[in-house]
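Below are some notes on the model you sent, set out as numbered points. They begin with the strand pairing and end with a single loop residue.

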Amino acid sequence: MVFLNSNPILNHFKRGNAILCLGFLSALFVLPAGTPSPVRAGEPAEPWGYEGGTGPRHWGEMEQDHDKHIMCREGVHQSPVDIREVLGVEKLDLKSRYRETPVQIINNRHTILLRVEPGSYIQWDDERFELIQFHFHHPSEHLLKGNAYPMEIHFVHRAADHEYVVLAVFARVGREHPRIEKLWDKIPQEIDREKTYSDERLSAGDLIPDSRVYYHYTGSLTTPPCTENVTWLVLEEPIEISQEQLEHFQKHIRQNARPVQKLHHRIIIELK
Ligand SMILES: [Zn+2]
């Protein structure tokens, strides 16, 4: 796949190379990427949260025995970030193949998470990234010039080597979103109880706007263990959800946004 054009500087920012071109200093901070697994039904959710003593400021201090969350504390390529200065505009040929599948939906205390069956993926730079799950944040985690949207959806894709690409879609308040309405109806009342809906089929593509202008940078998972080397594609164009739909989500998850992290030596480029 064509990824970026022949601009020699921006080509350094091809996926996976972004960290390497930040200078030798950054090499000191590159730690091996972990392979975190999403919370499964039946497994107790981890004790971290979004408020008080278990909130984001304390994530790096928890699990001290194994320093499991050390990157939340010491990582310098963390997410989310405030998207303020964007360097360059480059062409991106990203192919997405999202198919309709039955969905599994769970409230794992941290978010409302949906798993889809295999077969939905994006193809980028000759590499295929399978969509493994998507989930919701309120308010948005990424900011645009200091401003948050009411919601952000993260579509988590993973390659065979466990490299992550997360596609982020903002939602603003406006018209009711018909697909979200169907999903919200199915959020289990019980925490950590996963429900499968075979009769209800959903394509992730239904929640992604047609216009494809992305802000791209290299960051991390926004939840513990805050693993780095995650490729972010943040869509500029938001979808719309109604105020009622936003409030429905808040009944289950009050707020679940990690504050923005410092950019340090990273840059953000625009891909379209
Ligand atoms: Zn997320």
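1. The model is a predicted one. In it, strand β7 (residues 127-137) and β9 run antiparallel and are joined by seven bridges. One position to look at in this pairing is Phe134, which stands opposite Phe155 in β9.

2. β9 also pairs with strand β10 (residues 164-173), again in the antiparallel sense, and here the count is eight bridges. Glu152 faces Phe170 of β10 as its opposite number. Five residues lie between the strands of the β9 and β10 hairpin, and His162 has a positive phi there, near 75°.

3. Is strand β9 (residues 151-158) largely enclosed or largely open? Seven of its eight residues are buried, so β9 is largely enclosed by the rest of the structure. The cut-off behind this is 20 or more other C-beta atoms within 10 Å of a residue's own.

4. On the other side of the topic is how β7 connects to β6. These two strands pair in the antiparallel sense over four bridges, and Gln123 stands opposite Arg128 in β7. Their hairpin has two residues between the strands, with Asp125 taking a positive phi near 55°.

5. Strand β6 (residues 121-124) is joined as well to strand β3 (residues 95-97), by three bridges and in antiparallel fashion. Ser96 has Ile122 in β6 as its bridge partner. Read together, the pairings run from β3 to β6, from β6 to β7, from β7 to β9 and from β9 to β10.

6. For the chain as a whole, the secondary structure comes to five helices and 15 strands. Of its 272 residues, 35% count as buried. Taking contacts between residues at least 6 apart in sequence, 70% join residues at least 24 apart.

7. The last item is Thr222, located in the loop between β12 (214-220) and β13 (228-235). Why does Thr222 count as buried? There are 26 other C-beta atoms within 10 Å of Thr222, and the cut-off for a buried residue is 20 or more, so Thr222 qualifies.

8. Which residues does Thr222 touch, leaving aside those up to four places away in sequence? They are Ser79, Pro80, Glu141 and Arg258. Gln261 is 39 residues from Thr222 along the chain, and the C-alpha atoms of the two are separated by 9.7 Å.

Definitions and conventions:
Residues are numbered from 1 along each chain as its sequence is written. This is a predicted model: local features need pLDDT of at least 70, side-chain atom pairs count only at pLDDT 80 or more; totals for chains, interfaces and linings use all residues. A residue is buried if 20 or more other C-beta atoms lie within 10 Å of its own, exposed if 12 or fewer, and partly exposed in between; C-beta atoms are placed from the backbone. Two residues are in contact if their C-beta atoms, placed from the backbone, lie within 7 Å. Two strands pair if DSSP finds at least two bridges between them.
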